[in-house]
Amino acid sequence: MNAEKDLIDILTLELRRGTLVLSVLNQLNNAQYGYSLVQMLEEKGITIDPSTLYPLLRRLEKQGLLTSKWDMGESKPRKYYSRTEYGDEVYKKLKGQWSIITKEMSRLLEE
Amino acid sequence: MDEKSKIDVLIDRYVFDTVRRLPKEQREDIGLEIRDLIDDMMNESMDKDIEKVLIELGEPSEMAKKYRDREQYLIGPEYFDTYILVMKIVWLSIIIGSGISITIQIISNTISNHVAGVTNSVISGGVFPLLSSFGLVTLIFAFLEHQKVKLNTKTKEAWTPAKLPEVPNEKMLIKRSDSIVSIIFTLVFIGLLMFAPQLFGIWITNDGVTRTIPVFNMAVWNIAMPLFVISLAIGLVDDIIRLVIGKYCTVIMAVSIVSGMLQIIIATIILKGLPLWNSNFASEMKAVFGIAMTSLGEVEIIWNNGNLSNLILGIIIFATLLGVGNTVYKTLRFRE
């Protein structure tokens with residue numbers, strides 16, 4: 001049964017992977033830095049590897065959804081990310097897509 | 001003081017080992033990011049164990065992989081199949097070619113001292129070309145992969161079902177193995193004809209001395225041989241075309257007819273136009289074997305008055321027409 005558990009873990013991970021971008025965009029209403037984002041998501045029950053999140057943030061910035069700024073203040077420099085206007089638009093549309101998907105899936109899984 | 005620098009050393013090493021795998025422009029930024037992250041994770045952890053933190057972050061190679069934009073392939077999935085195919089063809093050709101060459105050298109004794117000589121030939125004539133061709137083909141495909149990655153943004157025509165090639169009717173297919181075997185035999189034959197015609201004959205060993213009584217008349221060999229080779233080469237072209245196209249069609253039919261006709265013509269020239277056979281053959285046989293004159297006397301008659309040539313020519317014409325006829329039949333029968 002160990003093999004079954006492993007398989008379920010892998011497939012669940014794949015399910016969750018699809019929701020990552022939406023979760024991240026959701027949490028970036030205000031400017032956040034990488035690690036704080038990790039912690040905030042943890043609190044909401046979403047586990048994410050920092051080594052996955054950081055490159056993801058860079059990618060989203062490259063795609064124009066986020067913008068970053070180094071904050072030199074306090075004890076050490078931190079890189080803060082926040083959504084761009086374009087990011088806001090895309091986020092809204094993605095949210096819409098998500099409700100469609102969840103409706104479809106609920107209907108499907110009830111049959 | 002000592003403990004702190006130990007941690008710093010590890011962090012420095014980790015960051016260095018990660019960012020060195022990434023493009024130059026990104027190194028500083030990502031480096032800072034990682035240091036930041038390690039710092040945060042250390043603050044979070046109870047036991048401030050730097051090694052645990054770094055293990056949690058993962059191997060630098062894995063970390064770098066996550067930061068990369070795209071996969072790094074020497075030869076990516078798109079080109080790999082073609083690459084393997086080309087490599088197979090090139091290697092097969094080299095193996096066959098050097099195999100023939102070495103075999104001929106052994107037979108005609110141009111390699112002295114068999115074991116050492118053969119090993120040397122195999123390495124220089126066989127292994128070396130294989131290795132260097134591997135490098136060259138790989139280099140070419142790696143270059144293609146690199147260029148394609150650059151061209152990725154260019155749009156190409158969208159695929160439509162209209163572009164699908166026809167499914168060939170099974171009976172229409174020409175067996176690749178037949179073509180390949182035929183090509184190999186033809187190459188070997190050409191090689192032998194060109195470099196060791198005296199092999200075609202009877203071999204006699206007498207007190208450790210081997211000699212051959214050749215079947216062919218060596219005097220006209222410098223006319224006969226090129227004609228032989230040309231005829232075989234025509235057959236070779238026919239086979240290669242069959243291998244490439246792979247199914248019966250008008251082109252194959254035309255090539256088959258043309259090559260068949262040419263081969264018959266050349267065979268006629270060689271067999272009827274030249275004194276091809278070694279006229280001393282029968283008498284040399286007699287001399288060596290010294291057996292019953294009468295039976296050999298008959299052989300001599302057959303040999304020297306052209307019946308042999310006619311016989312062989314007849315066989316050749318028959319076989320060629322049979323082959324061409326088969327091709328024509330298959331092509332016409334299964335045409336849509």
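Mentor: A polar contact is a pair of N or O atoms within 3.5 Å; within protein, one must be able to donate a hydrogen and the other to accept it, and residues adjacent in sequence count only if both atoms are side-chain atoms. This is a predicted model, where local features need pLDDT of at least 70, side-chain atom pairs count only at pLDDT 80 or more, and totals for chains, interfaces and linings use all residues. Side-chain values use heavy atoms, without hydrogens and water.

Trainee: How many residue pairs are in polar contact between chain A and chain B?

Mentor: There are 8 such pairs, both residues at pLDDT 80 or more. H4(A) gives the largest share of the side of chain A that touches chain B, 8 residues. Helices and strands here are DSSP runs (H or I, at least four residues; E, at least two), numbered from the N terminus.

Trainee: How many salt bridges are there between chain A and chain B?

Mentor: A salt bridge puts a side-chain nitrogen of Lys or Arg within 4 Å of a carboxyl oxygen of Asp or Glu. The count here is 5. One of them joins Arg78(A) to Asp40(B), with the closest N and O atoms 3.0 Å apart.

Trainee: Which residues line the largest cavity?

Mentor: Rolling a probe the size of a water molecule over the atoms shows where empty space is left. A cavity is a set of points on a 1 Å grid over the protein atoms alone where a 1.4 Å probe fits but cannot get out; lining residues have an atom within 4 Å of a point. Here the lining is Tyr33(A), Gly34(A), Tyr54(A), Trp70(A), Lys79(A), Tyr81(A), Glu33(B) and Asp36(B). Strand S3 (78-83) of chain A and helix H2 (24-44) of chain B each give two or more of the lining residues.

Methods
Residues numbered from 1 in each chain as written. Chains lettered and ligands numbered in written order. 1 Å grid on protein atoms, 1.4 Å probe; cavity = no way out; pocket = protein on both sides within 12 Å on 5 of 7 lines; lining within 4 Å.
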